[in-house]
Amino acid sequence: MDAMMPVGGTVVLLRDRQAGGFETLLIRRPDHGSFAGGWVFPGGVVDDADAALALDGSDEQEIAALAAMRECEEEVGIRPADLVTLSCWVPPAEAPKRVRTWFFLAPAPSGELTLAVDEVVEARWLTPSKALQLHAADNLRLFPPTWVTLQAFVQATSAADALAAASVPELYATHIIAGGVLVWGGDAEHPEGGEGHHRLATAALPWNYQRD
């Protein structure tokens with residue numbers, strides 16, 4: 001990994017629904033800055049305080065988890081614990097701002113949300129299926145890492161089921177090919193090579209994810 005690239009942490013909060021299934025918290029960013037107007041999971045870039053709190057100051061994953069917890073508390077007023085590492089996302093070379101971001105899962109702590117007015121326009125608890133449906137209808141703007149993460153949990157039946165599904169963290173080193181298609185490791189057109197497909201077609205709605 002590029003040691004010079006900034007690092008961030010994002011937390012996917014999970015809570016069960018009384019009607020069955022589970023939902024996750026998505027927040028909408030302001031119409032300026034990073035992910036302008038997009039719906040994302042709470043999170044942000046590592047700062048010096050995160051590194052200072054880490055038991056191992058050289059452990060990027062631990063530092064990113066601390067950043068994810070801190071940013072979540074700052075952005076929505078609740079601080080998660082017991083984070084489970086899900087994935088690491090490396091932006092494509094074309095990205096205007098490149099931050100290597102670790103995604104974590106965590107049970108949603110109790111408490112009311114308190115939104116940071118300068119960072120969060122609104123927040124919604126949605127099932128993965130509902131969020132993807134709204135995106136397909138052009139009623140919810142998602143970015144590829146959020147979309148793929150939601151897609152991975154469509155079949156999960158509970159928050160515990162989703163947490164149990166996370167085992168070995170997966171690396172998504174994003175590469176863009178023609179037609180607005182993003183490819184990751186294992187895809188035949190990824191620079192790292194592969195024999196199958198691991199890609200997301202984003203040129204038109206609904207997006208199409210293919211992995212085989």
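Trainee: What makes the contact between Arg70 and Glu71 a salt bridge?
Mentor: Their closest N and O atoms are 3.2 Å apart. A salt bridge is a side-chain nitrogen of Lys or Arg within 4 Å of a carboxyl oxygen of Asp or Glu, so the pair qualifies. This is a predicted model, where local features need pLDDT of at least 70 and side-chain atom pairs count only at pLDDT 80 or more, while totals for chains, interfaces and linings use all residues. Residues are numbered from 1 along each chain as its sequence is written, and side-chain values use heavy atoms, without hydrogens and water.

Trainee: Why does Arg70 count as buried?
Mentor: Its relative accessibility is 13%. Buried means under 20% relative accessible area, exposed means over 50%, and partly exposed lies in between (1.4 Å probe, protein chains only), so Arg70 is buried. Glu71, at 9%, is buried too. Both residues belong to a salt-bridge network with Asp47, Asp50 and Glu74.

Trainee: How many salt bridges does the whole structure have?
Mentor: The search finds 13. One of them joins Glu122 to Arg28, with the closest N and O atoms 3.0 Å apart. Glu122 lies in strand S7 (residues 122-126) and Arg28 in strand S2, so the pair ties together parts that are 94 residues apart in sequence. Helices (H or I, at least four residues) and strands (E, at least two) are DSSP runs, numbered from the N terminus.

Trainee: Why is Glu122 called partly exposed?
Mentor: Its relative accessible area is 30%, which falls between the two cut-offs, so Glu122 is neither buried nor exposed.

Trainee: Which parts of the chain does the pair of Glu170 and Arg211 link?
Mentor: The side chains meet in a salt bridge at 2.4 Å, N to O. Glu170 is in strand S8 and Arg211 in strand S14, 41 residues apart. Glu170 is partly exposed at 24%, and Arg211 is partly exposed at 46%.

Trainee: What makes S14 an edge strand?
Mentor: Strand S14 (208-211) pairs on one side only, as does strand S9 (175-177). The open sheet has the order S9-S10-S13-S14, with antiparallel pairing. Two strands pair if DSSP finds at least two bridges between them. Four bridges join strand S13 (residues 198-201) to S14, so this pair qualifies. One of the bridge partnerships is Ala201 with Asn208.

Trainee: How do you know that Cys72 is in no disulfide?
Mentor: A disulfide is a pair of cysteine sulfur atoms within 2.5 Å. The nearest cysteine sulfur to that of Cys72 belongs to Cys88, 19 Å away, so the cut-off is not met. The search of the whole structure finds zero disulfides. Cys72 is buried at 0% relative accessible area, and Cys88 is buried at 2%.

Trainee: Which residues touch the most other members of the largest nonpolar core?
Mentor: Leu14, Leu26, Leu105 and Leu140, in a core of 30 residues. A nonpolar core is a set of buried Ala, Val, Leu, Ile, Met, Phe, Trp, Tyr and Cys residues joined through side-chain atoms within 4.5 Å. A second, separate core of 19 residues includes Ala65, Cys72, Cys88 and Val120.

Trainee: Why does Thr146 count as buried?
Mentor: Its relative accessibility is 4%, so the buried cut-off is met. Thr146 sits in helix H4 (residues 144-152). Beyond its neighbours within four places in sequence, Thr146 is in contact (heavy atoms within 4.5 Å) with Leu26, Trp39, Val40 and Phe41.

Trainee: Why is Ser167 called exposed?
Mentor: Its relative accessible area is 60%, so the exposed cut-off is passed. Ser167 lies in the loop between helix H5 (159-165) and strand S8 (170-173).
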